[in-house]
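Subject: Structure for your review

Dear colleague,

Please find below the structure that I am handing over to you. I would be grateful if you would keep it open while reading the notes that come after it.

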Amino acid sequence: MSSVELVRAVLGSPLGAPVRVLYSGVLRLQVVAVGMLDAARSRGRSDRGWLAEQLSVSAKTFLRPATARRMVRTVRRVFDGDVVIADDSPTPMAPPDARCRIVELPFNSGVTVGRNAALAQVRTPFVLVTDDDVLFTRASDLERAVRFLVDHPEVDAVCAFQVELPRWYAVEAGDESELFPGHRPLRIPHGTEIDGTRVVAKGPTAYVGRTEALRQVPYDEKIRMVDHRDFFSSAAGRLVFVQARWFVVYHARTPFNRSYNQHRDDVHPDLFYLGGKWG
């Protein structure tokens, strides 16, 4: 057993109960604090009707209906349009509101199948691709991201600046060293400045992109879970991503959801496949 597996086993045992309670309590307080700070933030001028015509939200969920509902509640702070959620749970979740659609998939189909299925249902020129455990605030400037893409046809997607809860640290986007060896050269070099944003090789799974461009690089459905590095490696040289510090999201994981983690951590077949794919 590796050290990581040992720590997980201890945290999941009765001995880890105090840590689980502390983690959950701190996370809940931070989620509430984020909401209160957002409510106090000044509302800037925005055209939510225009944004709803231009953008849809695409997400994947599995065995976390409460987490997915929280994501939808927070995205509604800044967005009134269509939300498409692909769900491969045994019993798919109910739509949280009238503008949310659930794409029901066979049990444990995997994140790649879900991402492709949700994206296939999008009918707007732009799409926000996200995970179900991401939180949005007024600092998640979706309208500005769409207008940036309208003004900059050389860019295919704007990645969020993601803050991890409860440790409250920001995830910096990765350069080519975080991609698989053998990827195509980037069309625009990593770190290039474009109108206040920075070209990145790899960003978080919270990005606003051109729907048709993203469909040209589908997620590899031979992978069930370990999709992130593979997607950005496949997109290298084909799509241009930038990261914007004015597009902020929060990431609130669920590390103690046993039923979810049982399937989420079953990654050995994916790793074996990726080893052969990228050599």
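The notes below describe the chain as a whole, then one strand, the nonpolar cores and a cavity.

Please bear in mind that this is a predicted model. The protein chain has 279 residues, of which 53% count as buried. Its secondary structure comes to 10 helices and 11 strands. Among the contacts in the chain with a separation of 6 or more, 78% are between residues 24 or more positions apart.

I suggest beginning with strand 1, which covers residues 55-61. Seven of its seven residues are buried, so the strand is largely enclosed by the rest of the structure. In a regular strand, side chains alternate between the two faces of the sheet. In strand 1, Leu55, Val57, Ala59 and Thr61 point one way, while Ser56, Ser58 and Lys60 point the other way. The residues on both sides are buried.

Which strands are joined to strand 1 by bridges? One is strand 4 (residues 126-131), which runs parallel to strand 1 and is joined to it by six bridges. Here Lys60 stands opposite Asp131. Another is strand 2 (residues 83-87), also parallel to strand 1, with five bridges between them. In this pairing, Ala59 has Ile85 as its bridge partner. Strand 1 and strand 2 also belong, together with helix 4 (residues 65-75), to a right-handed β-α-β unit.

The next topic is the nonpolar cores. In soluble globular proteins, nonpolar side chains tend to be buried together. The largest nonpolar core in this model has 39 residues, and Leu142 and Phe247 touch the most other members. Apart from this core lies another, of 22 residues, which includes Ala173, Tyr207, Leu214 and Phe241. Leaving aside residues up to four places away in sequence, Phe247 touches a set of residues that includes Leu128, Leu142, Val158, Phe161 and Val208.

Finally, how many cavities of 30 Å³ or more are counted? The count comes to one. The largest cavity holds about 70 Å³ of space. Among the residues that line this cavity are Leu186, Ile188, Val199, Val200, Phe232, Ala235 and Phe241. Strand 9 (197-200) and helix 8 (228-235) each supply at least two residues of the lining. Phe241 thus appears twice in these notes, in the lining of the cavity and in the core of 22 residues.

Yours sincerely,
A colleague

Note on methods. Residues are numbered from 1 along each chain as its sequence is written. This is a predicted model: local features need pLDDT of at least 70, side-chain atom pairs count only at pLDDT 80 or more; totals for chains, interfaces and linings use all residues. Side-chain values use heavy atoms; hydrogens and water are left out. Buried means under 20% relative accessible area, exposed over 50%, partly exposed in between (1.4 Å probe, protein chains only). Helices (H or I, at least four residues) and strands (E, at least two) are DSSP runs, numbered from the N terminus. Two strands pair if DSSP finds at least two bridges between them. A crossover is right-handed if, with the strands pointing away from the viewer, the path from the first strand over the helix to the second runs clockwise. A nonpolar core is a set of buried Ala, Val, Leu, Ile, Met, Phe, Trp, Tyr and Cys residues joined through side-chain atoms within 4.5 Å. Contact means heavy atoms within 4.5 Å. On a 1 Å grid over the protein atoms alone, a cavity is a set of points where a 1.4 Å probe fits but cannot get out, and a pocket is an open set with protein on both sides within 12 Å along at least five of seven lines; lining residues have an atom within 4 Å of a point. Grid points are joined across faces, edges and corners, and a volume is the space filled by probe spheres set on the points.
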